[in-house]
Structures are given as C-alpha cells and as structure tokens.
Amino acid sequence: MNSPFPTSAGAPAAFAQPETLSYCFFGAGSMAEAVARGMISRGLCGASRIGMFNRSGGSRLTELRSAYGVLTAETPEEKEAMLAGADVIVLSMKPKDAEEALRSISHLIDGSKLIVSLIAGLSIRTIQALLGTKAAVARTMPNTSSTIGLGATALSYSPETDTEQRAAVEQLFRSIGLITVVEERLLEAVTGLSGSGPAYLYYIMEAMIEAGMEMGLDSDSSRELTVQTVLGAAEMMRATGERPAELRRKVTSPNGTTQAAIQLMQEHRVAEFFKAGMKKSAQRADEIGREIERSVLGEREQT
C-alpha cells in the first residue's frame with residue numbers, strides 16, 4: 001500500500017530531523033486543526049507532510065484541505081495508507097472513540113512510529129494496551145491558543161521514547177507556544193489549569209462584555225475594552241514577573257472603585273468557586289481515563 005506522504009531520497013526520515021517527518025492526525029477536530037495550523041504557520045513542516053482524517057469525512061476534511069493544504073483521507077484504504085506511511089501518529093479523536101480507534105490500528109504500529117496523544121485522561125499504559133505493544137508514546141495536553149502560536153502544552157513520555165523522539169515532540173509543540181514536561185500523574189491537573197483554561201477566561205470575558213453593555217456601552221466598545229484589558233493584564237504579569245496578588249494590590253485603592261468590586265466578589269466566594277471548577281475539570285479528565293482503563297485493563301488493575 002503506497003504512502004500518500006512525500007519521501008526523501010535514501011534512508012527513512014530520522015527523528016533528529018523533525019522537518020522530514022510525516023504526521024498523521026487521527027481525528028480532525030478543533031485541537032487537531034490548532035496544532036496542524038501552528039506547525040504549518042511556524043514552518044515546522046510543509047502541509048504535504050501532514051495528513052488528517054476523521055470518522056465522518058465530508059465537508060470538514062474539504063475545509064481543512066482548502067484552509068491549510070493538508071492531505072486528507074476518506075476511504076478505509078486511504079486512511080490505512082496514511083497511517084502506515086506516517087512517522088508520527090497524532091491521536092486527536094474524542095475520548096469516547098479512542099478504544100475502538102486504537103484497537104483498529106494496532107496492526108500498523110511498529111517500533112519506528114511515535115504516538116502523540118492529545119486525548120484528555122487517556123493514560124500511556126492504556127494507549128499501549130489498546131495498541132497491543134510498548135510503543136513510544138508522548139502524552140500531551142495543549143490548549144486551543146495553539147492555533148495562534150500562544151499555546152501552553154504539558155508533555156509526558158513513555159520510557160520507550162528516545163532522546164530524538166522527545167526532541168521532535170518538543171519542537172512540534174514549541175512551534176505553537178510554550179511547553180513544559182511533567183510527570184504523567186500531573187497531566188490531569190494541567191487539563192484543569194491550562195487545557196480548559198482558555199474557556200474559563202472566555203466565560204469571564206463574556207460577563208465583562210455583558211456588564212459593560214448593561215452599563216450603557218455599545219457592544220463593539222465593550223468587546224474592544226474587554227479584550228485589551230485582558231491582554232494588557234496578561235502581558236503586565238508576564239513582562240514584570242510580579243505575582244498577580246501584588247499587581248492587584250497596586251490597582252486596588254482603599255475604599256476605591258476596584259476595592260468595591262473585589263470585596264463583592266470575595267463575599268460571593270468567586271475565587272473558591274473558580275478553583276473548584278478547575279479541580280472539577282481535572283477530576284473529569286481523570287474519570288474519563290479511568291472509564292477507558294476499566295474497559296481495557298480490567299477492574300483488578302484499578303485496585
């Protein structure tokens with residue numbers, strides 16, 4: 001079965017040269033798009049070395065081909081050829097589809113391939129169990145800001161990943177933002193913090209825009225002021241290196257306007273509920289992974 005990816009003359013692509021690798025995204029949702037777009041826009045590799053497919057095919061794949069020039073696969077034969085020819089397989093399907101999907105490609109996985117998982121909650125040992133082999137696996141938790149090169153991605157590796165494979169993964173995710181390597185047991189915490197984090201901020205920004213409009217601003221002005229306020233606050237924290245509590249103190253005069261707002265938020269325990277929500281996100285990521293683990297590894301290994 002012929003690979004759809006371009007090949008280099010001579011030896012197969014080496015992980016020491018990530019730009020020569022071929023990538024196949026198994027799943028074509030928003031996170032897969034964010035990562036692929038970042039790879040292309042930051043020059044990590046050409047679009048002809050990125051393949052994508054999903055369960056439904058159709059208009060979604062047409063959209064991705066048109067927007068980025070990536071390769072896509074529709075038929076089972078095309079999908080298998082794309083997977084077989086890839087150096088790096090990026091698992092980007094929904095968690096509920098992971099078990100069936102990974103079992104279906106187990107016959108294609110050999111020691112030359114690197115598996116990169118974007119699936120929240122799915123442990124390395126479960127991925128390897130579903131694939132039926134101790135494959136080299138990088139488990140990651142990026143966020144959607146990756147699409148504009150401002151992502152935050154945590155990485156964990158299986159013992160089978162070598163130095164060159166790890167370097168390739170880190171170059172991939174550096175092309176779309178900041179990276180940090182953590183122990184796998186901390187990835188659920190990362191999900192609760194930065195993985196779901198953009199949505200929390202959008203939620204707050206929604207409220208800020210609505211409040212501005214309720215106080216008489218038009219929608220455009222309220223939106224622009226909200227965006228610039230959030231952008232400026234984040235950049236101030238990054239540029240100064242100061243703790244957020246100290247930056248907050250500097251703009252909170254006793255008995256002033258900001259103090260009035262902060263006091264009301266404290267009375268309503270906004271910070272406590274915000275932290276509880278983040279922990280709930282991390283808990284749900286862990287629950288999703290354990291649900292799949294129970295199916296794959298059996299109840300005995302869970303105790």
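# Reading the sheet, helices and salt bridges

Q: Which sense of pairing do strand S1 (residues 23-26) and S2 have, and over how many bridges?

A: S1 and S2 pair in the parallel sense, and 4 bridges link them. Do keep in mind as we go that this is a predicted model. For a single position to look at, take Cys24, which stands opposite Gly51 in S2.

Q: Which helix packs on the sheet and touches S1 and S2?

A: That is H1, and its direction makes about 165 degrees with that of S2. Helix H6 (residues 163-174) also packs on the sheet. The strands that H6 touches are S1, strand S5 (114-117), strand S6 (136-141), strand S7 (151-157) and S8. Taken against S7, the direction of H6 makes about 165 degrees.

Q: What is the order of the strands in the sheet?

A: Read across the open sheet, the 8 strands come as S3-S2-S1-S4-S5-S6-S7-S8, and the pairing is mixed. The edges belong to strand S3 (71-72) and strand S8 (177-181); each has a single partner strand, so one side of each has no neighbour in the sheet.

Q: How many bridges join strand S4 (residues 88-91) to S5?

A: There are 4 bridges, and S4 and S5 run parallel. One position to find on screen is Leu91, whose bridge partner in S5 is Ser117.

Q: Which residues of S5 lie on one side and which on the other?

A: Leu114 and Val116 are on one side, with Ile115 and Ser117 on the other. All four are buried, and both faces of S5 are covered.

Q: Moving on to a loop residue, where is Cys45 placed?

A: Look in the loop between helix H1 (30-41) and strand S2 (50-53).

Q: Is Cys45 buried or exposed?

A: The general idea is to compare the relative accessible area with a cut-off, and buried means under 20%. Cys45 has 8%, so it counts as buried. Its contacts, leaving out residues up to four places away in sequence, are Glu19, Tyr23, Met39, Ile40 and Ile50. Tyr23 is 22 residues from Cys45 along the chain, with their C-alpha atoms 9.3 Å apart.

Q: Which residues does Ser222 contact, leaving aside its neighbours within four places in sequence?

A: Ser222 is in contact with Met208, Ile209, Gly212, Met213 and Leu217. This serine is found in helix H9 (residues 219-240). With a relative accessible area of 2%, Ser222 is buried.

Q: How is the packing of two helices described?

A: Two things are quoted for a packed pair: the angle between the axes and the distance between them. Here, try helix H4 (residues 95-105) and helix H12 (residues 270-297), whose axes come within 10 Å and cross at roughly 35 degrees. The crossing in which H4 passes H12 is right-handed.

Q: Which residues of H4 and H12 meet?

A: From H4 come Pro95, Glu99 and Arg103, and from H12 come Ile288, Ile292, Ser295 and Val296. Sorted by class, this contact has 4 nonpolar, 1 polar and 2 charged residues.

Q: How many salt bridges does a search of the whole structure find?

A: The search finds 17. One of them to start from is Arg55 with Asp97, where the closest N and O atoms are 2.8 Å apart. Arg55 sits in the loop between S2 and helix H2 (59-68) and Asp97 in helix H4, so this pair ties together parts 42 residues apart in sequence.

Q: Are Arg55 and Asp97 buried or exposed?

A: Arg55 is exposed, at 61% relative accessible area, whereas Asp97 is buried, at 13%.

Q: What are the closest N and O distances for Arg185 with Glu183 and for Lys250 with Glu242?

A: For Arg185 and Glu183 the closest N and O atoms are 2.9 Å apart. Arg185 is exposed, with a relative accessible area of 62%, and Glu183 is partly exposed at 48%. For Lys250 and Glu242 the closest N and O atoms are 2.7 Å apart. Lys250 is partly exposed at 48%, and Glu242 is partly exposed at 24%.

Q: Which residues do salt bridges with shared partners join into one network?

A: Glu33, Arg60 and Glu63 are joined in this way.

Key: Residues are numbered from 1 along each chain as its sequence is written. This is a predicted model: local features need pLDDT of at least 70, side-chain atom pairs count only at pLDDT 80 or more; totals for chains, interfaces and linings use all residues. Side-chain values use heavy atoms; hydrogens and water are left out. Helices (H or I, at least four residues) and strands (E, at least two) are DSSP runs, numbered from the N terminus. Buried means under 20% relative accessible area, exposed over 50%, partly exposed in between (1.4 Å probe, protein chains only). Contact means heavy atoms within 4.5 Å. Axes are lines fitted to C-alpha atoms, for helices over the stretch in contact, and angles run from 0 to 180 degrees between N-to-C directions. A crossing is left-handed if the near helix is turned anticlockwise from the far one by less than a right angle, and right-handed if clockwise. Ala, Val, Leu, Ile, Met, Phe, Trp, Tyr, Cys and Pro count as nonpolar, Asp, Glu, Lys and Arg as charged, and the others, Gly among them, as polar. Two strands pair if DSSP finds at least two bridges between them. A salt bridge is a side-chain nitrogen of Lys or Arg within 4 Å of a carboxyl oxygen of Asp or Glu.
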